[in-house]
Amino acid sequence: MLVVRMRKAGSKKRPFFRVVVQEARSARDSSFVENLGTYNPRSKPAQVDINKARVEHWLKQGARPSDSVRTLLAKHLVRDLSPQPAPAE
């Protein structure tokens, strides 16, 4: 299963994150499928540069966002990208 998660970059005590699509069982900083953008929490205000179209594409393909990415997307994107339940027929 694929997940959208944050991959840590930067140096000690100066975190910088890349938002990536990765296999769920792989380690945090191992190989990834696609880089979707960046998040810099140290700048004031925090800088978020995420490709919204690609995030929507991967979520439609079945990738699940991690808790931290879901919170990040909810704060910084206009539309809610959490998985929606299927309509009942």
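**Exercise 1. Determine what share of the chain's contacts with a separation of 6 or more joins residues 24 or more positions apart, and set out the order of the elements.**

Solution. In this predicted model, residues 24 or more positions apart account for 30% of the contacts with a separation of 6 or more. Turning to the elements, the chain has two helices and five strands, and from the N terminus on these run β-β-β-β-α-β-α.

**Exercise 2. Decide whether Arg7 is buried or exposed, and list its contacts beyond the sequence neighbourhood.**

Solution. Start with the location: Arg7 lies in strand E1, which spans residues 2-11. The relative accessible area of Arg7 is 19%, and because buried means under 20%, Arg7 counts as buried. Leaving aside neighbours within four places in sequence, Arg7 is in contact with Phe16, Phe17, Arg18, Val20, Arg28, Asp29, Ser30 and Phe32.

**Exercise 3. Identify the residues of the largest nonpolar core that touch the most other members, and trace which elements supply this core.**

Solution. The largest nonpolar core holds 16 residues, of which Val4, Met6, Val19 and Leu36 touch the most other members. At least two residues of this core come from each of E1, strand E2 (14-23), strand E3 (34-40), helix H1 (52-60) and helix H2 (67-76). As a last step, take Met6 and set aside residues up to four places away in sequence: Met6 then touches Phe17, Arg18, Val19, Arg28, Tyr39, Ser68, Val69 and Leu72.

**Exercise 4. State how much of the chain is buried and what its accessible surface comes to.**

Solution. Of the 89 residues, 31% count as buried. The accessible surface comes to about 6,300 Å², and 50% of that surface belongs to carbon and sulfur atoms.

Key: Residues numbered from 1 in each chain as written. Predicted model: local features only at pLDDT ≥ 70, side-chain atom pairs only at ≥ 80, totals over all residues. Heavy atoms only, no water. Helix = DSSP H or I, 4+ residues; strand = E, 2+ residues; numbered from the N terminus. Buried < 20%, exposed > 50% of the residue type's maximum accessible area, 1.4 Å probe, protein only. Contact = heavy atoms within 4.5 Å. Core = buried A, V, L, I, M, F, W, Y, C linked by side-chain atoms within 4.5 Å. Areas by Shrake-Rupley, 256 points an atom, 1.4 Å probe, with all protein chains shown as cover.
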